Amino acid sequence: MSDTATAHHDDHASLNIDNKKLLMWLFLGSDCMFFGTLISTHLIYRKIYPESFDPTSLFSLELTSFSTFILLMSSFLMALAVSAMHKGELKSFRRNVLGVIFFGLIFLGCQVYEFAHFVHEGLTLSTNTFGSTFYMMTGTHGVHVAIGVFWLICMYFYSHTGKMDAHESAVDVEIAGLYWHFVDIVWIVIFTAVYLIEFI
Amino acid sequence: MSQTETATPAPKTSHGHQPHVLKPERSRLGLMRPDHSKSVFIDWLTTVDHKKIGIMYGAIALFFLFIGGIEALIIRTQLIVPENDLISAERYNQLFTMHGTTMIFLAVMPLNSAFFNFLIPLQIGARDVAFPRINALSLWSFVAGALVINFGWLLEALQLMGLFSASGPTAGMTDLAPSGGWFGYAPLSSKEYSGVGTDFWIMGLQILGVASLTASMNFIVTILNMRAPGMKMMRMPVFTWMSLVVAFLIIFAFPAITIALGQLMFDRTFGTNFFNVAGGGQPILWQHLFWIFGHPEVYILVLPAMGIISEVLPTFSKKPLFGYSIVIFSGAVIGFLGFAVWSHHMFTTGLGKVATAAFSLLTMAIAVPTGVKIFNWVGTIWGGRIRFTAPMIFSLGFVWMFMMGGFSGIMHAAAPADAQQQDSYFVIAHFHYVIMGGIFLALVSGIYYWVPKVFGKMWTGSLSTWVAVLIVVGLNVTFFPMHFLGLLGMPRRTHTYLEGFGWSSYNLVCTLGSYILAIGILLLLVDLIRCLRRGEPAGNDPWDARTLEWATTSPPQVYNFAKTPVIPARDALWSHKHGPEGKKITYEDDHGHGIHMPSNSWMPLIASIGFVPLGLGMTLKQAGVPYMGSFAIFGLFVITLGLALWALEGPGGFHLHPDEDDA
C-alpha cells in the first residue's frame with residue numbers, strides 16, 4: 001500500500017530514514033514477537049508425549065534442507081533485485097524478481113507436499129500438542145511466504161505499467177526485500193529449532 | 001520521497017492534472033473542513049485528519065465508558081444485599097466479563113488514542129501523522145472490533161425480546177455474551193465451558209489488535225520522523241514521550257495475546273491441544289501468554305495518564321516539570337520492566353520458589369521508577385504558583401489516588417501476602433484505585449485541559465467542581481471498603497454472598513458509592529455537552545501553557561501550523577513567551593509552495609467494515625448458523641477490495657495557501 005499522502009515534513013525526516021521503511025522495521029519487530037511466541041510454544045510443548053510419537057521418523061531432512069536452500073537462494077535473488085532497482089536496471093530487476101517468485105512457489109509447494117504427507121502419516125492439528133504447535137507455526141510462516149509471493153507478483157506487474165520511478169520505487173522494492181529476508185531468517189530459526197533439533 | 005514534491009512548484013496529484021487549491025471552511029463543531037463539496041457526515045466518515053480521528057476516538061470511548069459503567073452498576077446493584085437474585089449467576093459472569101473488556105479495550109485505550117491522535121502531531125509541530133489513511137484504518141477497525149465483541153449482547157437482547165427462539169438460527173447456542181472473564185483463562189474459555197460469546201470475544205479482540213498495532217507503528221514513525229526542526233528527542237513534551245513508550249509496548253506485547261487468542265480459537269474450532277489437558281496441553285500456557293501481554297497492558301493504560309499529569313501540573317504550577325529527563329527515563333524503565341513482571345499475576349499457580357522470588361523482586365523494583373515520578377510531580381508543585389482549575393484538581397487527585405493504588409500494589413508484590421489476597425476483593429480495590437483513581441482521573445484532567453484547544457470553547461468552572469467532588473468521593477466510597485471486604489475473605493467474581501460474614505454493610509456502602517460515582521460521570525458528560533453547545537471562545541492559549549499545541553489556533557486549522565515552527569529549546573512555547581531573545585520559536589518559510597495535505601479517502605472505512613462480516617461469519621459458522629461461511633468470505637472480499645482500491649488510489653492530496661494572519 002502506498003500511503004505516501006504524508007504531510008509535508010519528510011524533507012527533514014528527523015531520523016533520515018524513509019517513513020515507509022521505518023514502518024516496515026517496526027512491523028518486523030512486532031513479527032519477531034509473533035514468531036517468538038509460536039516457536040517458544042513449540043519448544044515447550046514438543047516433549048510432552050515423547051513415547052507415543054517420534055518426529056524423526058516423520059521428518060525428511062533431505063526435503064526440508066532442499067526447501068531451506070531454495071529459500072536462501074531466493075533471498076540472494078531478492079538482494080540482486082534490490083540492487084538492480086537502485087541502479088535503475090528495470091530488466092535485471094524483473095528477471096530477479098521472477099526468480100524470487102519462482103523459488104517462493106517451490107518452497108510453498110514443498111510445504112504443501114510435506115503437510116499432505118504428514119497428515120497421511122497420521123499427524124494432524126489435533127493428534128497431539130506436537131501437531132498443534134508444528135502446524136500453527138509452520139503454517140503461519142507459510143502464510144508469510146505466500147503474502148510475500150503475492151506482493152512480488154503485484155510488484156512485477158506494476159513494473160510493466162511504466163509508473164515505476166527510480167527513487168520512490170527503489171524504496172518500495174527495498175521494503176519488500178526487508179520483508180522477504182526477514183521471512184527467510186525466521187525459516188532458518190524454524191529449521192533449526194523444529195527440524196534439526198529432533199535429530200540431536 | 002516528497003523531497004521531489006517540495007522541489008517542484010506544482011506537484012501532480014494522482015489524477016495527473018493540476019492540484020486544486022482549496023480554502024478551508026469552518027464546520028459547525030468549529031473544525032476545519034478542507035473540501036466543502038462534501039456533506040459534513042461524509043467528510044467525517046472519510047476523514048484522514050488526525051484531529052477529527054482523535055475526536056471520534058474520544059466520543060466512541062465515552063460511549064463505551066457509559067456502557068461499561070451501566071454494566072458495573074448492575075453488578076454493584078446485584079451485590080447490594082446478601083442473597084440478592086436480581087440477575088442470574090450466568091448473567092453476572094457475562095456482566096463482569098464485558099465490564100472488564102469494555103472498560104480496558106473500548107473505553108480507556110481508545111480514550112488514550114484520542115489524546116495520541118489529537119495531540120502528538122500538534123506537540124511535535126507536524127502537519128499530520130506519518131500515515132494518515134492507516135490512522136483512519138486504525139479508528140474504523142477499532143469500531144469493527146467493538147461491534148463484534150458486543151454482538152453477543154445484541155443477540156441476548158434479541159432473544160429476550162423473543163425475536164430469536166429456541167428453534168431460530170441461534171438454536172442450541174448458549175452463553176451468547178462472553179462469560180469467561182476479561183482474562184479469558186483457559187479452560188474456562190475452552191469449548192467445554194463456554195459458548196459462542198467467547199468466540200465473539202476472541203474475534204473482536206483480534207480485530208482490536210489490528211487497530212492497536214497499526215496505530216502504534218504509525219505513531220512511532222510519526223514521533224521519530226516527523227518532528228519539527230530543532231525538536232530533539234529530549235525537547236519533546238513528556239506526553240509525546242510517554243506515548244512513544246506506550247506504542248513500543250503495544251507492538252511488543254500485543255503479538256503474545258494475538259497468538260494466545262489464535263491458539264484458543266484453534267482449540268475451539270479445529271480441536272487442537274494447546275489448552276486441552278486430555279490432549280497434552282497445559283492451561284498455564286494461557287496464563288503466561290496472557291500476562292506477558294496483560295502486564296505491559298497495565299502500563300499501556302497508565303503511561304499516557306502519567307504523560308497528561310506531567311503536562312497539567314507544570315502549567316498550573318507555573319513551573320517547569322521537575323526533573324524532565326528523569327521523568328522520561330523512569331517512563332522508559334517502567335516500560336522495560338513492565339515485560340519482566342508478568343508472573344506476579346500467577347504467584348498462586350505454583351511456579352516454584354525461584355521464579356516466585358524473582359518475579360516478586362522485579363515487581364517491587366518497578367515501584368522505584370514509579371515512585372521517582374511521584375516525587376517529580378510533587379517537586380513540580382512545590383513552591384509553584386498553583387491555580388486550582390478543574391484539570392489541576394483532577395491531576396492532584398490522580399497523584400493521591402494512584403499512590404494509594406501503588407501501595408496496595410507493593411503489598412501484592414510480596415508473594416506470601418499475595419497468596420492471601422489472590423482472587424479477593426482486595427485485588428479489585430487495588431486495580432480500581434490504579435485504573436479509576438489513577439488513569440481515569442488523569443484522563444478527565446486531560447479532557448478538561450485540552451477541550452478548549454479541541455473545540456475552541458471554554459468550560460465554566462462551577463459544574464466542573466461538582467464533577468470533581470462527586471467522582472473523587474464516589475471513587476473512594478466505592479473502592480476503599482473493598483480492601484476490607486478482601487481482607488475479610490470475600491472472593492471476586494461471586495454473584496452473591498450469605499449474611500453473617502460481615503460483608504453486608506461494606507457491600508452496601510460500595511454500591512451506594514458506585515451510584516455517587518455514576519452521578520459524577522453523568523455530570524461530566526453534561527458538562528462536556530454544555531461546553532460544546534454554549535462555551536465561550538477559549539482563545540489560543542487560555543492557560544499560559546508550555547507546549548507547542550497551544551501555539552496554534554483553537555481549534556487548530558486543518559494544517560495545524562501555517563508555517564513549520566523551528567524549536568529552539570525544551571518547553572518551547574514557554575521560552576518563546578517568557579524567555580530571553582534567541583529562545584524564541586521561529587517559522588520556516590514555505591517558499592510559496594503552500595501546504596500539501598492528504599485527501600479524504602473511503603478506503604480505510606471500507607477495508608475496516610469488512611472485519612465485521614468476517615468476524616461474525618467465522619464465529620457464527622462454527623455455531624452452526626447457515627450461510628455464515630459465505631458471509632465471512634464476503635467480509636474477506638470487502639477487506640481485500642478496500643486495500644486494493646487503496647493501493648490504486650495513489651498518494652493524492654491537495655495544496656493549501658493559508659493567509660499570512662492564520663498563525
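**Note on the predicted two-chain model: core, helix packing and local backbone features**

1. F398(B) is a suitable place to begin. Leaving aside residues up to four places away in sequence, F398(B) touches A305(B), M306(B), I309(B), W377(B), M403(B), G437(B), G438(B), I439(B), L441(B) and A442(B). Together with W286(B), F398(B) has the most contacts inside the largest nonpolar core, which comprises 253 residues. A second core, separate from that one, has seven residues, among them V558(B), I595(B), M597(B) and L656(B). In soluble globular proteins, nonpolar side chains tend to be buried together. The model is a predicted one, and the points below should be read accordingly.

2. Chain A contains six helices and zero strands, so that, by the DSSP runs used here, its elements read α-α-α-α-α-α from the N terminus on. The C-alpha trace of chain A spans about 60 × 35 × 25 Å along its principal axes. Of the 200 residues in chain A, 54% are buried. Among contacts in chain A that link residues at least 6 apart in sequence, 83% join residues at least 24 apart.

3. One helix pair in chain A merits description. Helix α1 (residues 19–45) of chain A and helix α5 (residues 129–158) of chain A have axes that come within 7 Å and cross at roughly 155°. Angles over 145 degrees count as roughly antiparallel, and α1(A) and α5(A) are therefore roughly antiparallel to each other. Their crossing is left-handed.

4. The contact of this pair can be given by residue. From α1(A), the participants are M24(A), D31(A), F35(A), L38(A), I39(A), T41(A), H42(A) and Y45(A), and they meet T129(A), F130(A), T133(A), F134(A), M136(A), M137(A), T140(A), H141(A), H144(A) and W151(A) in α5(A). By class, the residues of this contact divide into 10 nonpolar, seven polar and one charged.

5. A helix pair in chain B has another arrangement to record. Helix α14 (residues 425–455) of chain B packs against helix α16 (residues 504–534) of chain B at an angle of about 10°, and their axes are 11 Å apart. Angles under 35 degrees count as roughly parallel, and that makes α14(B) roughly parallel to α16(B). In α14(B), M436(B), F440(B), V444(B), I447(B), Y448(B), V451(B) and F455(B) meet L517(B), I521(B), L524(B), D527(B), L528(B), C531(B) and L532(B) of α16(B). The contact of α14(B) with α16(B) has 13 nonpolar, no polar and one charged residues.

6. I48(A) lies in the loop between α1 and α2 (55–58) of chain A. Its relative accessible area is 24%, and I48(A) is accordingly partly exposed. Not counting residues up to four places away in sequence, I48(A) touches T129(A), G280(B) and Q282(B). T129(A) is also one of the α5(A) residues in the contact with α1(A). Another residue of that contact is T140(A), which is 92 residues from I48(A) in sequence and 22 Å from it in space, C-alpha to C-alpha.

7. K91(A) has its place in helix α4 (residues 90–121) of chain A. With a relative accessible area of 67%, K91(A) is exposed. K91(A) and A81(A) are 10 residues apart in sequence, and their C-alpha atoms are 9.7 Å apart in space.

8. Chain B holds backbone features that a reviewer may wish to inspect. Most residues other than glycine have a negative phi, and most peptide bonds are trans. A cis peptide bond, with omega about 5°, joins A186(B) and P187(B); P187(B) is in the loop between α5 (132–160) and α6 (196–225) of chain B. The bond from S554(B) to P555(B) is also cis, with omega near -15°, and P555(B) belongs to the loop between β4 (536–537) and β5 (565–566) of chain B.

9. Positive phi values also occur at non-glycine positions. E83(B) is not a glycine, yet has a positive phi of about 55°. E83(B) is found in the loop between α3 (50–78) and α4 (89–123) of chain B and is exposed, at a relative accessible area of 54%. N560(B), likewise a residue other than glycine, has a positive phi near 65°. N560(B) is in the loop between β4 and β5 of chain B, where P555(B) is also placed. At 0% relative accessibility, N560(B) counts as buried.

How values were computed: Residues are numbered from 1 along each chain as its sequence is written. Chains are lettered from A and ligands numbered from 1 in the order in which they are written. This is a predicted model: local features need pLDDT of at least 70, side-chain atom pairs count only at pLDDT 80 or more; totals for chains, interfaces and linings use all residues. Side-chain values use heavy atoms; hydrogens and water are left out. Axes are lines fitted to C-alpha atoms, for helices over the stretch in contact, and angles run from 0 to 180 degrees between N-to-C directions. Helices (H or I, at least four residues) and strands (E, at least two) are DSSP runs, numbered from the N terminus. Angles under 35 degrees count as roughly parallel, over 145 as roughly antiparallel, 65 to 115 as roughly perpendicular and the rest as oblique. A crossing is left-handed if the near helix is turned anticlockwise from the far one by less than a right angle, and right-handed if clockwise. Contact means heavy atoms within 4.5 Å. Ala, Val, Leu, Ile, Met, Phe, Trp, Tyr, Cys and Pro count as nonpolar, Asp, Glu, Lys and Arg as charged, and the others, Gly among them, as polar. A nonpolar core is a set of buried Ala, Val, Leu, Ile, Met, Phe, Trp, Tyr and Cys residues joined through side-chain atoms within 4.5 Å. Buried means under 20% relative accessible area, exposed over 50%, partly exposed in between (1.4 Å probe, protein chains only).
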